[in-house]
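Here is a friendly walk through one structure, with an eye on its annotated sites, its ligand surroundings and a few backbone details. Please have the structure open as you read.

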Amino acid sequence: CFCQLEGKIDECSCNIDTVDSFNNVKIYPRLQSLLVKDYFRFFKVNLKRPCPFWVDDGGCAMRYCHVEYCEENAIPVGLKGERTASNHNKFTAGPESCNEHQDLGYLNKTISEKAQHDMEKWAAHDDALDNFCIKDDQGEGAEYVDLLLNPERFTGYAGESAHRVWRSIYLENCFRPKETFSFNPYIQAAKLNNMCLEERAFYRAVSGLHASINIHLSAKYLLSGRNGLSLKDPNGEWGPKLDEFKRRFSPELTNGEGPNWLRNLYFVYLLELRAIAKAAPLLERENFYTGDDSEDYDTKMAIKDLLSVIKKFPEHFDETTMFRGSKEAEKLKYEFKQHFRNITRIMDCVGCDKCRLWGKLQTQGLGTALKILFSGKFDYDGSGKLVNKTDMQLQRNEIVSLLNAIGRLSTSIYKLDDFRQMIR
Ligand code: FAD
């Protein structure tokens, strides 16, 4: 089977089958039960921003592209106040601190408000420098979406609109091999040797994400509607479609590239897993506040359990080999960040709301992983112990997108095994 991949994962130090068994037995089931918790299922996103790069396709009229927004009363009370889990305690310090606040004289209050405002401004400024994403969960147009009611699956979005987005990502926003210019915007694996490690890693991460999206739509394909095969039928039956999977990944139909794209899925999985391991001390401190004590406690325990398993898995993606030393490396890192930010903006050009939703969530998750790995704020001390030097914060949306993003990759690896068995 072409999807029975073997050997080492590119740029990493472990074999495909090690990841398969680790993911399918330990990570996948844990993420499945974690991601249905309220904290992770409600994602705030703005799907109404216009495409900044070309004239919009005018949205998508297909029924399966439709996104169901949350009714006000469906949103957990703790999420309505826009508070992050980590600042929750500050807001609920009890009646004593409320009185204290009221006692402040006008002048004091004004000064402290100004100081607070300045601090927030600088924190936002610092945060923006670290970010690999353009955030869009604040302000007009941002709304909560229940991810469980809007699963990622086949939508029928294809053709020139989808191709333009992928083409623009690969052609204009991925690094390209130096000496070649081909009319095909998609990079062949053999050409990657002409690129440096960081450039290769960037391409592999994007291609792995692309592979993951295409595995999902093949694994949750519209098999039949109530009235036969019809995208207009709301009561369709969804399931794996082997022919679709083969069309997208078999070497015969992809110029030999399909298996390489599948290998890139493993690469981006290890990259995000490493970021979660690195952010573990911070995640262990989060309250995962939704306003429901028992739900929040369960979420905390589920995260603890997941992190304990991740921490036991040796780290196979080593970000310390990237962006080392020279001024050139700093320049490359800057470009890396700009390219990735652009990709997050291109998500506003995806002409299908459902695809846009999951595209935004997964690019933001990957951007959060890159921020954790490369901002330099999570580092090891001399004894190899992880220290959070500068008290870096993650916003709720970053945590939600990071965990859902690894959830999507983990599901893809799991579904790949299903396809293997079907082919057998
Ligand atoms: P495409 O997937 O459009 O690929 C275009 C070209 O890119 C291919 O011809 C090939 O040369 C190259 N390529 C393909 N895969 C890779 C890879 N992994 N790495 C490198 N190069 C590659 N459709 C849905 O049904 N549901 C969704 O949820 C969904 N989400 C999407 C999210 C985004 C952000 C985008 C841009 C598209 C999404 N789509 C979704 C559409 C889907 O990804 C395909 O674009 C569509 O199904 C058409 O597929 P295609 O066979 O023409 O090739």
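Let us begin with Thr155: it has 22 C-beta neighbours inside 10 Å and therefore counts as buried, the cut-off being 20 or more. Keep in mind that this is a predicted model. Thr155 sits in the loop between β2 and α7. Leaving aside neighbours within four places in sequence, Thr155 is in contact with Met62, Tyr64, Cys65, Cys352, Lys354 and Cys355.

**The annotated binding site**

Thr155 is one of the residues that an unreviewed UniProt entry lists under "binding site"; the others in that list are Arg153, Trp166, Ser207, His210 and Arg248. Arg153 is placed in the loop between β2 (142–146) and α7 (159–173). Is Arg153 buried or partly exposed? Arg153 has 18 C-beta neighbours inside 10 Å, so it counts as partly exposed. Not counting residues up to four places away in sequence, Arg153 touches His216, Leu217, Lys220 and Trp238.

**The annotated active site**

Two cysteines, Cys352 and Cys355, carry the UniProt annotation "active site", again from an unreviewed entry. Cys352 is found in the loop between α13 (327–346) and α14, while Cys355 lies in helix α14. Cys352 counts as buried because 25 C-beta neighbours fall inside 10 Å. Cys355 is buried too, as it has 24 such neighbours. Apart from residues up to four places away in sequence, Cys355 touches Cys65, Thr155, Tyr157 and Val350. Both annotated cysteines, Cys352 and Cys355, appear among the contacts of Thr155.

**Around the ligand**

Which residues come nearest to the ligand? Of the 23 residues around the ligand, they are Ala162, Ser207, Trp261, Cys355 and Gly359. Among these, Ser207 is on the "binding site" list from UniProt, and Cys355 carries the "active site" annotation. Three helices, α7, α8 (197–219) and α14 (353–374), each supply at least two residues of the shell. The largest share comes from α8, with 6 residues. By class, the shell has 14 nonpolar, 6 polar and 3 charged residues.

**Two positive phi angles**

Glu11 and Phe288 are worth a look in the backbone. Phi of Glu11 is near 65 degrees, a positive value in a residue other than glycine. Glu11 is found in the segment before α1 (16–34). Phi of Phe288 is near 50 degrees, also positive in a residue that is not glycine. Phe288 is found in the loop between α11 (280–285) and α12 (293–312).

The residues discussed so far can be set side by side by their surroundings.

| Residue | C-beta neighbours within 10 Å | Burial |
|---|---|---|
| Glu11 | 18 | partly exposed |
| Arg153 | 18 | partly exposed |
| Thr155 | 22 | buried |
| Phe288 | 25 | buried |
| Cys352 | 25 | buried |
| Cys355 | 24 | buried |

**Helix α15**

Finally, how far apart are the end C-alpha atoms of helix α15 (residues 396–423)? At 1.5 Å a residue, its 28 residues should span 40 Å, and the end C-alpha atoms are 41 Å apart, which agrees. Helix α15 is also mostly covered, with 21 of its 28 residues buried.

Notes
Residues numbered from 1 in each chain as written. Predicted model: local features only at pLDDT ≥ 70, side-chain atom pairs only at ≥ 80, totals over all residues. Helix = DSSP H or I, 4+ residues; strand = E, 2+ residues; numbered from the N terminus. Expected span 1.5 Å × (residues − 1). Buried ≥ 20, exposed ≤ 12 C-beta atoms within 10 Å, placed from the backbone. UniProt positions renumbered as here; feature names shortened; annotations may be inferred. Contact = placed C-beta atoms within 7 Å. Near = placed C-beta within 6 Å. Nonpolar A, V, L, I, M, F, W, Y, C, P; charged D, E, K, R; others polar.
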